[in-house]
Amino acid sequence: KLVASNGLDEKKIANMELYEHAHFDSYGVGENLITSASDPVFGGVYKLAAIEDKDGNIIPKIKISENVGKITNPHFKKVYRFYSKDSGMAEADYICLHDEVVDDTQPLEICDPDATWKKKVLTDFTARELLVPIFRGGKLVYQKPALDDIRAYCADQLTTLWPEVLRFDYPHNYYVDLSEKLLKIKLDLLNAGGKSQG
């Protein structure tokens, strides 16, 4: 077996395989596995998205920031991934309210939550819900897959992403859109300065 190591990262490995036609069986990646040299800080935040009042009503909440990337999406949500029936490739992810159901037998208009004028109508697609419950009431309700099954699933899902999305340099954006209902709630909260309207 041939193993390459010494200061490798994803870009060096890609260059070795694509342009230098390297034929290694595996790569040893150490310090660059735990810290990204190009983007060492993950720009995500965890914030309150909704509360439930004493009557069981869900009240959406939002975090507002001057940094657009830190503005949260309110409410209890679920996520779908849309696959083209023709190519099998992933077209977009779709965040909607927890009680919305996507009917993939009908055309669906999706829009970019940051550039709302960018709209696309999806047809001939398959919708798959991505989030699954792990715990309910403190009890495990998830059948844990074997490590080999997880690895195979991840490899299979990567094949559904276009090469333009996967490339390291100047990748295309993979779109994550909001449902019309969720986008309206978000815009209403933004316009109200974050205060829920009763």
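## A buried lysine in helix α5

Lys-186 has its place in helix α5, and in this predicted model the residue is buried, with a relative accessible area of 10%. Once its neighbours within four places in sequence are left aside, the contacts of Lys-186 are Ile-62, Ile-71, Thr-72, Asn-73, Pro-74 and Leu-178. Asn-73 and Leu-178 will return below in connection with the largest pocket, since they are among the residues closest to the centre of that pocket.

## The largest pocket

The largest pocket holds about 770 Å³ of space. Its lining is made up of 28 residues, and those closest to the centre are Asn-73, Ile-95, Pro-113, Val-176 and Leu-178. When the lining is sorted by class, 18 residues are nonpolar, 3 are polar and 7 are charged.

Several elements of secondary structure take part in this lining: β5 (77-84), β6 (90-97), β12 (176-178) and α5 (180-191) each supply at least two residues. The element that gives the most is α5, with 4 residues, and this is the helix in which the buried Lys-186 is found.

## The buried side of helix α1

Which residues of helix α1 are buried? In this helix, which spans residues 10-18, they are Ile-13, Ala-14 and Met-16. Because these residues cover an arc of only 160 degrees around the axis, they lie on the same side of α1. The cover over the buried residues of α1 includes β1 (3-4) and β2 (26-27).

## Two loop residues with positive phi

Most residues other than glycine have a negative phi, and against that background two loop residues deserve a look. His-75 is not a glycine, yet it has a positive phi of about 85 degrees; this residue is found in the loop between β4 (58-60) and β5. Tyr-170, also not a glycine, has a positive phi of about 50 degrees, and its place is in the loop between α4 (163-166) and β12.

Is each of these residues buried or exposed? His-75 counts as buried, because its relative accessibility is 11%, whereas Tyr-170 counts as exposed, because its relative accessibility is 74%.

## A buried threonine between α3 and α4

Thr-160 is found in the loop that runs between α3 (147-158) and α4, and at 9% relative accessibility this threonine counts as buried. If residues up to four places away in sequence are not counted, Thr-160 touches Tyr-83, Gly-88, Met-89 and Ala-90.

## Cysteines without a disulfide

How many disulfides does the structure hold? The number is 0. For Cys-111 the reason can be followed through distance: the closest cysteine sulfur belongs to Cys-96 and is 13 Å away from the sulfur of Cys-111, which is too far for a bond, given that a disulfide requires the two sulfur atoms to be within 2.5 Å.

The surroundings of the cysteines can also be described by their accessibility. Cys-111 is buried, with a relative accessible area of 11%, while Cys-154 is partly exposed, with a relative accessible area of 41%.

Technical notes:
Residues numbered from 1 in each chain as written. Predicted model: local features only at pLDDT ≥ 70, side-chain atom pairs only at ≥ 80, totals over all residues. Heavy atoms only, no water. Buried < 20%, exposed > 50% of the residue type's maximum accessible area, 1.4 Å probe, protein only. 1 Å grid on protein atoms, 1.4 Å probe; cavity = no way out; pocket = protein on both sides within 12 Å on 5 of 7 lines; lining within 4 Å. Points joined across faces, edges and corners; volume = space filled by probe spheres on them. Nonpolar A, V, L, I, M, F, W, Y, C, P; charged D, E, K, R; others polar. Arc of directions from axis to C-beta. Contact = heavy atoms within 4.5 Å.
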